[in-house]
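Work through the following exercises with the model open, and attempt each task before reading its solution.

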Amino acid sequence: MAASAGPEIERLIGLLAKLPGLGPRSARRAALALLKRREQLLSPLADALSEAAARVKVCSVCGSLDTQDPCAICADGHRDGSLICVVEEVGALWAMERASAFRGRYHVLGGLLSALDGVGPEALRVNGLVSRAASGEVHEVILALPATVDGQTTAHYLADRLGHANVAVTMLARGVPVGGELDWLDDGTIAQAMRARRPA
């Protein structure tokens with residue numbers, strides 16, 4: 001850090017550097033852009049952060065983020081309560097909503113099982129999912145988890161835990177993306193697509 005930067009600027013850069021995708025250099029550039037455009041960016045961002053900190057809460061039903069509890073999705077009577085889509089984090093829920101392909105309800109786990117990182121079932125919102133699935137209203141639980149080792153481990157664990165809930169447990173299909181070309185895909189994606197093939 002340059003000697004001319006005061007402690008306030010260093011603190012701003014340090015906090016920005018903790019955000020995903022921002023390292024020290026990107027954080028310095030972002031801090032400089034904010035400070036140069038104080039009225040247009042810095043002050044409105046500070047207000048938005050303060051308001052979000054005061055008003056945004058975790059939904060007690062699904063674990064999503066909203067200014068109301070239950071969240072707007074859980075409170076929406078037009079959503080199909082018989083379907084629950086399980087996602088790792090809120091960002092995955094937002095991605096599903098952007099696609100407009102699902103009209104059921106969600107359950108945010110808050111992470112994935114990971115022996116290396118010491119994340120066990122007690123650190124996730126597993127018990128809440130099992131309770132919701134066993135309520136009698138739910139007919140299918142869709143596991144929309146990453147196609148990683150931790151994602152697959154978590155999916156198998158959840159399928160086992162949901163075995164006595166009398167619900168169908170399904171997973172998102174994996175394979176060739178829309179617009180994808182085979183020569184650009186990795187071997188694992190091609191192998192998964194071949195295993196998950198369906199009638200034309």
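**Exercise 1.** Find the bridge partner of Val 141 in E6, and then establish how E5 and E6 are joined.

Solution. In this predicted model, which is numbered from 1 along each chain as its sequence is written, the partner of Val 141 in E6 is Val 169. Strands here are DSSP runs (E, at least two residues; helices are H or I, at least four), numbered from the N terminus. Next, strand E5 (residues 140–143) runs parallel to E6 and is joined to it by four bridges, among them the one between Leu 143 and Met 171 of E6. The path from E5 to E6 passes through helix H7 (residues 149–161), and this β-α-β crossover is right-handed, a term meaning that, with the strands pointing away from the viewer, the path from the first strand over the helix to the second runs clockwise.

**Exercise 2.** Determine the strand order of the open sheet and explain why one side of each edge strand is left without a neighbour.

Solution. Local features are restricted to pLDDT of at least 70 in this predicted model. Pairing requires that DSSP finds at least two bridges between two strands; E3 and E5 meet this with four bridges in the parallel sense, and Leu 83 has Glu 140 of E5 as its bridge partner. The four strands follow the order E4-E3-E5-E6, with parallel pairing. Strand E4 (104–108) and strand E6 (168–171) stand at the edges, and because each has a single partner strand, one side of each lacks a neighbour in the sheet.

Notes. This is a predicted model: local features need pLDDT of at least 70, side-chain atom pairs count only at pLDDT 80 or more; totals for chains, interfaces and linings use all residues. Side-chain values use heavy atoms; hydrogens and water are left out.
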